[in-house]
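Visitor: Could you take me on a close look at a single part of this model, one strand and whatever it pairs with? I'd be glad if you then carried on to a few other spots worth viewing.

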Amino acid sequence: MRLRRALRSCHRSPVVRISFVIVSLVYIVHCFSFTTVVNMNDPPDPAVLEPHEKENLPQMPTNINESQISATGRVLDWREAEPGKNAIYLYSGYIDKRKAQPTIRLIAIIKRKTKAPECTYWSASNKREVKSGSIKLIKENWALPYSAGFILCPLPSFGPDDPVIRVGVTTQSAGPALLANSVPVENMESRKKIGEMSVCVKPFHYEFNRALWLVEFIEMYKLLGADHFIFYNHTVGPDVEAVLRYYMRQGSVEVLPWSLPVETKKDIRTEGIFASLNDCNLRSVGHFPLAAMVDIDEFLIPRKDENLLELVARLGTTYHGYVFKNVFFYLYWENDTALHDHLNTEENLQVNLFGADSHMPYLLTQTKTRRLDQPHKYGVRSKYLARPDKSVEVGNHVVWEYLQPGGRTSLNVPETDGLTHHYRICEFGGWDCLKLPSHIDQTAHRYLATLTQAIARECAGIFPGLPACPVAPPLGSPW
Ligand SMILES: *[C@@H]1O[C@H](CO)[C@@H](O)[C@H](O)[C@H]1NC(C)=O
Ligand SMILES: *[C@@H]1O[C@H](CO)[C@@H](O)[C@H](O)[C@H]1NC(C)=O
Ligand SMILES: *[C@@H]1O[C@H](CO)[C@@H](O)[C@H](O)[C@H]1NC(C)=O
């Protein structure tokens, strides 16, 4: 298992791939000596908190209802641009006039080496036009058969009173795309501000069902300054479904379908993560001045400020992004007792908040306080706040393309001002990670009382029949 993992990660290094061509014996040796280094750059994501299980490829949706509108735009899903060709899948489209050269950006999954497509446009008055487009793959595509990317289509020449409303693409068919395979496109110019910060999370998968941790994530980010959450639903379990429905009714969460058309990890990087992050970024343009690009087990925690908005105000609002170094808080390390002490007072706060039959709530940010001494470098597992209005292409760890290249870019947030707290099992499997130098860091306890209260309130609203949010399933094999 270890061997397979090492070889797999090795395959992904371009350096290693070149040496493979030269001589495969050298390759093996080379591979082992470089495994650690390669892994540190961007290790495979072993289904972060979930047991490793194989997932069936979901069916393509046949019933997208395009009249459904969420807070930030239309509710869409994946569709194939040219059915049966397995080359391009489309999710959404945005008219992007932020650059000198306006374009229509389609969020897509694209088979590598697909040639430049033709874009077919439909106007409001049903005029049609065809122009040549181009493909821009998103940088972090890991040499898998498919990559997330943008299809870039120049604006059509319809008049100002007859806006473009749909775009389709073809690479192999003779003639224009069919309307049925096109996506609606949205003009980002006419948007109104909704709030200060959205939170963008890669698609939920493996029947994700840790309700309490999802409530903790949402309530913690609210305390940190977020007011809106954009989630993508590949698969979720019943408890998480209940959490999402509850927050959707309240309006602070939107959940977008994500019927991934290719197989995750075999054909494309985890769940088409880059397509979702870039869709979320473009959905946030004009609606939110900041967007947190994080995973469900990652929290951007300020160390001096009350919340992220205050941190941004203090460090300077003109940056186009704020990058926080990653530091691991491994789940196998001991549990902090502060939450227990807080709840088990004479007033019996636990019963008052969570009910008589409740378990001690297992909160990541409050229970896990032992962390690695050494955070990773910027760009390695770091997470960030983006400025959607200024970001053209976003990645998992940094913004790849800003609106004004060469202008002011991201701020590397000093580690004394903030860190990405990342709660998980050992990233290479097993338990060896626990031996690395570590110390206790209780920065997140600043939120202990308010967070616990908020979680108790929301869990009672979501699961009225239960004493608290359901206890999550065990962590599963570390391998
Ligand atoms: C599509 O969604 C809209 C808005 O939510 C709704 O009014 C309409 O009934 C839905 N249509 C179908 C066919 O489900
Ligand atoms: C998530 O997707 C599944 C499968 O399509 C669906 O049954 C479920 O209702 C969705 N949940 C939410 C909250 O969107
Ligand atoms: C921490 O507490 C949780 C919930 O009670 C428990 O499942 C877990 O095993 C504990 N972890 C350790 C390292 O004791």
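Guide: Let's begin with a term: two strands are said to pair when DSSP finds at least two bridges between them. Please keep in mind that this is a predicted model. The strand to look at is β15, made up of residues 290-293. On one side, β15 is joined to strand β12 (residues 197-200) by four bridges, so the two count as a pair. β12 and β15 run parallel. To find this pairing on your screen, pick C200, whose bridge partner in β15 is M293. β15 also has a link to strand β20 (residues 383-386), this time through three bridges, so that is a pair as well. Here the strands run antiparallel, and A291 has A386 of β20 as its bridge partner.

Now turn to the two faces of β15. L290 and A292 lie on one side, A291 and M293 on the other, and all four are buried. Both faces are therefore covered, with burial taken as 20 or more other C-beta atoms within 10 Å of a residue's own. M293 is thus buried as well as being the partner of C200, while A291 is buried and bridged to A386.

From the strand, move to helix α6, residues 273-284. All 12 of the 12 residues of α6 are buried, so the helix is largely enclosed by the rest of the structure. Among them are I273, F274 and L277, but also D279 and R283. The length of α6 makes sense too: at 1.5 Å a residue, its 12 residues should span 16 Å, and the end C-alpha atoms are indeed 16 Å apart. After α6 comes G286, which has a positive phi near 80°.

Two ligand sites round off the tour. Around ligand 2 you will find N233, V236, E241, L244, R245 and V255. Helix α5 (residues 238-250) supplies the largest share of that shell, three residues. By class, the shell has three nonpolar, one polar and two charged residues. Ligand 3 is surrounded by Y332, E334, N335, Y362 and T367, a shell of two nonpolar, two polar and one charged residue.

Finally, a word on confidence. The protein's mean pLDDT is 86, and 85% of its residues reach 70 or more. Residues 1-61, though, have pLDDT below 50, and this stretch has 67 contacts in the model beyond near neighbours in sequence. Where pLDDT is low, predicted coordinates should not be read in detail.

Notes
Residues are numbered from 1 along each chain as its sequence is written. Chains are lettered from A and ligands numbered from 1 in the order in which they are written. This is a predicted model: local features need pLDDT of at least 70, side-chain atom pairs count only at pLDDT 80 or more; totals for chains, interfaces and linings use all residues. A residue is near a molecule or strand if its C-beta atom, placed from the backbone, lies within 6 Å of it. Ala, Val, Leu, Ile, Met, Phe, Trp, Tyr, Cys and Pro count as nonpolar, Asp, Glu, Lys and Arg as charged, and the others, Gly among them, as polar. The expected span of a helix is 1.5 Å times one less than its number of residues. pLDDT is the predictor's confidence in each residue, from 0 to 100. Two residues are in contact if their C-beta atoms, placed from the backbone, lie within 7 Å.
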